[in-house]
Amino acid sequence: MARASIIIECGRKSGLGRVRRTLTLARALKLQGIRCEVYVTSHEGSDLIQAMGFTAQPVGQLPDQFDFLVIDTCSFSSDEVSALCARARTSCVIDDLAERPVVCDFVINPNLYAPGLDYSAYKAREIFRGPSCALVDDVFFSSAQPSENREGFVVSFGGTDDGSLAAPVAAELNARTGEPVYVPIPAYQEPCAALLALDGDKVTILRGADMPALLGRARTYVGAAGATVLEALAAGCRVCAAATQEDQHKNVGFLPEIGVATLDSYDAHNVSVMALLQHHEAGGSAALQSGAAGKIVARMTELMLVS
């Protein structure tokens, strides 16, 4: 059986968005009979990885050679990524910005803005990018509830936030609407005092949240402009997103084109006001397509067979 070695950067420095999207691809690889081994830069994503049916190993235990290599990192340099790909029979790099030219077999950019990026400096057999390549688990699409059954907000500024960014937004949204506000926090983060003080009937801290179910029943997602934006759209939420990290600015620049409210930087009051404006609009996932991971894997398999 072919083996895929999957490297994911995760934890409180980089969040957990890469975990969910890369393991969505891993699940599609497993359906093709490929055994998947997951290697992480931090143990802080291990709980989510286990919940998605995989076991996390430290990146220091990588084998010398790879049958199939998948890399989803933000801190590895172009040379480091290309060197890893050179050790693989087949390699795939998940890339967000088109700013780190590499030599590999396949590139996937699952972001909505990806078709507008220049990948001419990359040396790859095929580049998958845009809405048809969004690495969103199909369960987000199937969890979407009708608009009349939705209520409240999901406020999440990612795996890098201990609630310091989420707390003032959650407090203002609850005060203005009286609707429930859910704040998912990763297991490795200790919620900050300001967030703990809000935890109660209307503001709820969730550890190890079932994100598909949570986003599927909430009306509005408010948070960082990372991978969770795609999941929220797939689940039918309205979305208000702010850039909290440098690699989110391209997303913030594009998302208004599909009706998503964005801010180029975090300001609790401004985020809350934008979220309130979005809250009673109709949601939807029209920009995305389900089943993208399976289609990408099928195409990669087809290309590998003819090489």
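Trainee: In which sense do strand E1 (residues 3–8) and strand E2 (residues 35–40) pair?
Mentor: Good place to start, and keep in mind that we are looking at a predicted model. Six bridges join E1 and E2. One spot to find on screen is Arg 3, which has Arg 35 of E2 opposite. The sense of the E1 and E2 pairing is parallel.

Trainee: Which helix belongs to the β-α-β unit of E1 and E2, and what is the handedness of that unit?
Mentor: Follow the chain from E1, and look for the helix that makes the unit together with both strands. That helix is H1, which spans residues 17–31. The β-α-β unit of E1, H1 and E2 is right-handed.

Trainee: E1 also pairs with strand E4 (residues 66–72), so to speak; which residue of E4 is the bridge partner of Ile 7?
Mentor: E1 and E4 run parallel, joined by five bridges. To find the partner, start at Ile 7 and look across into E4. There you meet Ile 71.

Trainee: How many of the six residues of E1 are buried?
Mentor: Here "buried" stands for under 20% relative accessible area. By that cut-off, E1 is mostly covered. The number of buried residues in E1 is five.

Trainee: Moving to strand E9 (residues 181–185), which of its residues point the other way from Val 181, Val 183 and Ile 185?
Mentor: Five of the five residues of E9 are buried, so burial cannot sort them into two groups for us, because both sets count as buried. Use direction instead: Val 181, Val 183 and Ile 185 point one way from the strand. Pointing the other way are Tyr 182 and Pro 184.

Trainee: Which helix does the chain pass through when it crosses from strand E8 (residues 153–156) to E9?
Mentor: E8 and E9 run parallel and are joined by two bridges, with Val 154 opposite Tyr 182. The β-α-β crossover from E8 to E9 is right-handed. The helix on that path is H5.

Trainee: Which residue in strand E10 (residues 203–207) is the bridge partner of Pro 184?
Mentor: E9 and E10 pair in the parallel sense over five bridges. Together with helix H6 (residues 193–198), these two strands make a right-handed β-α-β unit. Looking across from Pro 184 into E10, you find Leu 206.

Trainee: Is Val 169 buried or exposed?
Mentor: Val 169 sits in helix H5, residues 166–177. Beyond its neighbours within four places in sequence, its contacts include Val 155, Phe 157, Tyr 266 and Val 271. Its relative accessibility is 0%, and therefore Val 169 counts as buried.

Trainee: What distance separates the C-alpha atoms of Val 169 and Ala 242?
Mentor: Along the chain, these two residues are 73 residues apart. In space, the separation of their C-alpha atoms is 12 Å.

Trainee: Which element gives the most residues to the largest nonpolar core?
Mentor: That core has 48 residues, and Leu 84, Tyr 221 and Leu 288 are among those with the most contacts inside it. Several elements give two or more residues to this core, including E4, helix H3 (78–86) and strand E12 (238–242). With five residues, the element that gives the most is H8.

Trainee: How many residues are in the second, separate core?
Mentor: Some members to look for in this second core are Ala 4, Cys 10, Leu 25 and Phe 106. The count for this separate core is 33 residues.

Trainee: What is unusual about the backbone of Ala 98, and near which value is its phi?
Mentor: Most residues other than glycine have a negative phi. Ala 98 lies in the loop between E5 and strand E6 (106–109), and has a positive phi although it is not glycine. Ala 98 is also buried, because its relative accessible area of 16% is under 20%. Its phi is near 60°.

Trainee: Last one: what is the radius of gyration of the whole protein?
Mentor: The protein has 11 helices and 13 strands. The globule rule gives 19 Å for 307 residues, and the protein's own value is close to that, so it is as compact as a globular protein of that length. Of those 307 residues, 55% count as buried. The radius of gyration is 19 Å.

How values were computed
Residues numbered from 1 in each chain as written. Predicted model: local features only at pLDDT ≥ 70, side-chain atom pairs only at ≥ 80, totals over all residues. Heavy atoms only, no water. Buried < 20%, exposed > 50% of the residue type's maximum accessible area, 1.4 Å probe, protein only. Helix = DSSP H or I, 4+ residues; strand = E, 2+ residues; numbered from the N terminus. Pairing = 2+ DSSP bridges. Right-handed = clockwise from strand over helix to strand, strands pointing away. Contact = heavy atoms within 4.5 Å. Rg over C-alpha atoms; globule rule 2.2 N^0.38 Å. Core = buried A, V, L, I, M, F, W, Y, C linked by side-chain atoms within 4.5 Å.
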